[in-house]
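I opened the notebook to record what I looked up in this structure, entry by entry.

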Amino acid sequence: MKKIVALLSLCCVFGLITGKADAKCKLLSCNDTDLFSIPIQASVGGNQCWFCGPGPNSCGANDVVPVLDGYGEIIALYQCAGWAEISKGFMNYEPGTFCEGSQLKSRSGVSGIDLANAAKIYSFEGIATTKYDLGDLPGYIGRASCIYVKCNDGYMPNDDETACVLDTRESDCTSTGGTWTGSECTCDKKKNIAQSKNGKSCVCISSDYEPDGVNGCKKTAAAIAADQQRQRDADNRSRKEACVNSGGVWTGSECTCDASKNLRVQNNVCVCLDDENYKRSGDRCVLTDAAALRQKCESATGAYWDDGSCKCYEPNYSFNGTVCREDPEITKCKSISGARWANGACVCNQSGYEPNYQTKQCEKSAATLQAEQAVAAQQKIDQASATLQSITDGLRVNKWRNEEGKFNTSRLLSDSIAGVVLGTAGGLITSSVVKKSQVSDGFEDMQCTVGGQVVAGWGDEFRVGIQ
C-alpha cells in the first residue's frame with residue numbers, strides 16, 4: 001500500500017475501470033478546463049485534479065479514483081457517475097470488502113464498525129486487481145479496492161475487531177506479573193502464571209491460585225488449607241507405617257508398644273527398653289547374651305555378677321550357666337592319687353611327677369624321664385671311660401714280664417700253642433696268635449674270625465699266611 005501511495009504522490013494514474021478497457025484517467029492541473037468534465041481534487045491541499053466527463057483525459061463512467069491525505073494515504077474513493085448522470089461528476093465510492101490487513105472488519109461493511117479512535121483508508125491492491133504499465137509508472141485495473149481501518153496510536157482492535165479500544169496490553173501484562181516485550185506478554189511459571197488466551201496478559205495456572213499483582217499469582221487460602229491437610233494425612237500415614245514396622249500398634253493418632261515384648265515408645269516408634277541389655281529380634285526386643293547371663297547369674301544360689309562375669313562365693317566353684325558348682329577340673333584332679341589342686345592347676349605332691357587322668361595316678365613327667373635317661377647314659381659313658389683308662393694304665397706293664405720283672409712263662413706257653421690251621425679254597429691258611437691279654441678287661445666278648453673261625457680275642461695280635 002505504501003508503494004501505491006508513493007506512486008500516487010508522483011501523479012501516477014490509479015483507476016478502477018468498469019467501462020471500456022482502454023479508458024484512461026489522467027491527473028491534470030486543477031486550473032485546466034476540459035469541456036463537460038467536472039474535477040475533484042486528487043490530494044488534500046494539492047493542485048492536481050481528476051476530471052469526470054467526456055474529455056480525452058477525463059475519467060469515464062464508473063471509473064474510481066483515489067484522494068490522498070498529506071501523508072500519501074488514500075482517504076477517500078470517488079466514482080465517476082454513469083453516462084446518464086455524468087454531468088453530476090464524481091460521487092463518493094465505498095468498497096464492499098475490507099483489506100486483508102485491516103485491523104477492523106465487519107461483514108456489514110463500514111456501518112458495522114466503530115471508526116472512533118481509528119483512521120479509514122483504502123487500497124487498490126487485491127486479488128481482483130490487474131496491474132498494467134502506464135509509461136514508466138504502474139497502473140491498476142479492476143474492482144479490487146478495499147477498506148483498510150487502522151487504530152490510532154495508543155489504541156488497538158477489540159476482540160471482535162469492530163472497534164478500537166485503548167491499548168492497555170503493556171499495563172495489563174505487567175500488572176498481572178508478566179513482562180511486555182513490545183509485541184507480546186511473557187509469563188514466568190515461577191510466578192504461577194501462564195499467558196492468557198489473547199496473549200495480552202497473564203492468568204493464574206489453576207483455580208488453586210489467585211492474582212497477586214505484579215508478583216503473579218499466589219495460592220488461595222482454601223488451597224493452602226487443602227495442602228496442609230494433605231500434608232497432615234501424609235505425615236499421619238508415615239507415622240502409622242513407622243509405628244507398625246517397629247512392632248507397635250497405631251491407635252489412630254499415636255503409637256502404643258507392648259511392654260511384654262520389651263518395647264517402649266520413643267518418637268512415635270517402638271524401641272528396646274534400653275540399648276545396653278536388649279537387642280532387636282523382629283517385632284520385639286530380647287536380652288543380649290551378656291544380659292541374659294547376668295540375669296541367670298543373679299538368680300542363681302551362691303553366685304554374683306562382677307566386672308562382666310558371673311562368679312561364685314564358694315572357692316574353687318564356677319558358674320555353669322545355671323548354678324555354681326565345683327570346677328570340673330578340680331573334681332577330676334581330686335580323683336588322681338597323690339595329686340592336689342593349687343594355683344588354678346592340678347599338680348602332684350611328688351616333685352617331677354604329673355597327673356595322668358587315664359590311670360588316675362601321678363607318674364613321672366616326660367622331663368623327669370628324660371633327665372633320668374640322661375643320667376644313665378652319663379653313667380655308662382663314665383664307666384666306659386674308666387675301663388679305657390684302666391686298659392691304658394695296664395699297657396705300661398710289659399706282658400712278657402710280670403710285675404716283679406720276671407719272664408711270663410704262661411704267656412709264652414699260650415702263644416706257642418695258639419697256631420691255627422685254617423682251611424680255604426686256595427690252600428691252607430695259618431694264623432699265629434700272640435696272647436697279649438691274659439686278664440679280662442670287660443671286652444672279652446670281642447673276637448676276630450677268618451672264614452667263620454675264631455682266630456683271636458680281645459687284646460691278641462695275630463698273623464695270617466697262605467701255604
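**Entry 1: a cysteine and its partner**

Is C362 buried or exposed? I looked it up in the model, which is a predicted one. C362 has a relative accessible area of 18%, so C362 is buried. The cut-off matters for this call, because buried means under 20% relative accessible area.

I then looked for the partner of C362. C362 forms a disulfide with C348, and the two sulfur atoms are 2.1 Å apart. The link of C348 and C362 is left-handed, with -95 degrees about the S-S bond. I placed C348 in strand β30 (residues 345–348) and C362 in strand β32 (residues 361–364), so the disulfide ties together parts that are 14 residues apart in sequence. C348 also counts as buried, because its relative accessibility is 9%.

**Entry 2: other disulfides**

How many disulfides does a search of the whole structure find? I got 15 disulfides.

I took C52 and C80 next. Their sulfur atoms are 1.7 Å apart, and the pair counts as a disulfide. The torsion about the S-S bond of C52 and C80 is about 75 degrees, so this disulfide is right-handed. C52 sits in strand β3 and C80 in strand β5, 28 residues apart, and the pair links distant parts of the chain. Both ends came out as buried: C52 has 0% relative accessibility, and C80 has a relative accessible area of 1%.

I also noted the disulfide that joins C187 to C202, with an S to S distance of 2.0 Å. Its torsion about the S-S bond is about -95 degrees, so the disulfide of C187 and C202 is left-handed. C187 is in the loop between β14 (185–186) and β15 (193–195), while C202 is in strand β16 (residues 202–204); the two are 15 residues apart. C202 is buried, with a relative accessible area of 6%.

One further cysteine went into the notes for its accessibility. C448 has a relative accessible area of 37%, so C448 is partly exposed.

**Entry 3: the sheet that holds β3**

I went back to C52 and followed its strand. Which order do the three strands of the open sheet take? The order is β1-β3-β2, and the pairing is antiparallel. Why do β1 (28–29) and β2 (38–41) each have one side without a neighbour in the sheet? Each stands at an edge with a single partner strand, so one side is left free of a neighbour.

β1 pairs with strand β3 (residues 48–52) over two bridges, in the antiparallel sense. I checked L28 in particular: its bridge partner in β3 is C49.

**Entry 4: nonpolar cores**

The largest nonpolar core has 16 residues, and I listed I74, L77, L104, I147 and V149 as those with the most contacts inside it. Four strands each supply at least two residues of this core: β4 (64–68), β5 (74–80), β7 (118–123) and β10 (146–151). β10 gives the most, with three residues.

I then listed what V149 touches, leaving out residues up to four places away in sequence. The residues are F98, S102, Q103, L104, I113, L115, A118, A119 and K120. A second core is separate and has 13 residues, including L27, I40, C59 and I86.

**Entry 5: a hairpin**

I looked at β25 and β26, which form a hairpin with two residues between them. D307 is in the turn and has a positive phi of about 55 degrees. Strand β25 (residues 303–306) runs antiparallel to β26, and four bridges join the two. W305 has C310 as its bridge partner in β26.

Which residues make up the covered face of strand β26 (residues 309–312)? I found C310 and C312 on the covered face, with S309 and K311 on the uncovered one. In a regular strand, side chains alternate between the two faces of the sheet.

**Entry 6: rings and totals**

A search of the whole structure for aromatic pairs gave one. I also noted K332, which lies over the face of Y357 at 4.8 Å from the ring centre.

For the whole chain I recorded seven helices and 37 strands. Of its 467 residues, 30% count as buried. Among contacts between residues at least 6 apart in sequence, 38% join residues at least 24 apart.

Key
Residues are numbered from 1 along each chain as its sequence is written. This is a predicted model: local features need pLDDT of at least 70, side-chain atom pairs count only at pLDDT 80 or more; totals for chains, interfaces and linings use all residues. Side-chain values use heavy atoms; hydrogens and water are left out. Two strands pair if DSSP finds at least two bridges between them. Rings of Phe, Tyr and Trp (its six-membered ring) pair if their centres lie within 6.5 Å; planes under 30 degrees apart count as stacked, over 60 as edge-to-face and the rest as tilted. A charge sits over a ring if NZ of Lys or CZ of Arg is within 6 Å of the ring centre and within 35 degrees of the ring normal. A nonpolar core is a set of buried Ala, Val, Leu, Ile, Met, Phe, Trp, Tyr and Cys residues joined through side-chain atoms within 4.5 Å. Buried means under 20% relative accessible area, exposed over 50%, partly exposed in between (1.4 Å probe, protein chains only). Contact means heavy atoms within 4.5 Å. A disulfide is a pair of cysteine sulfur atoms within 2.5 Å.
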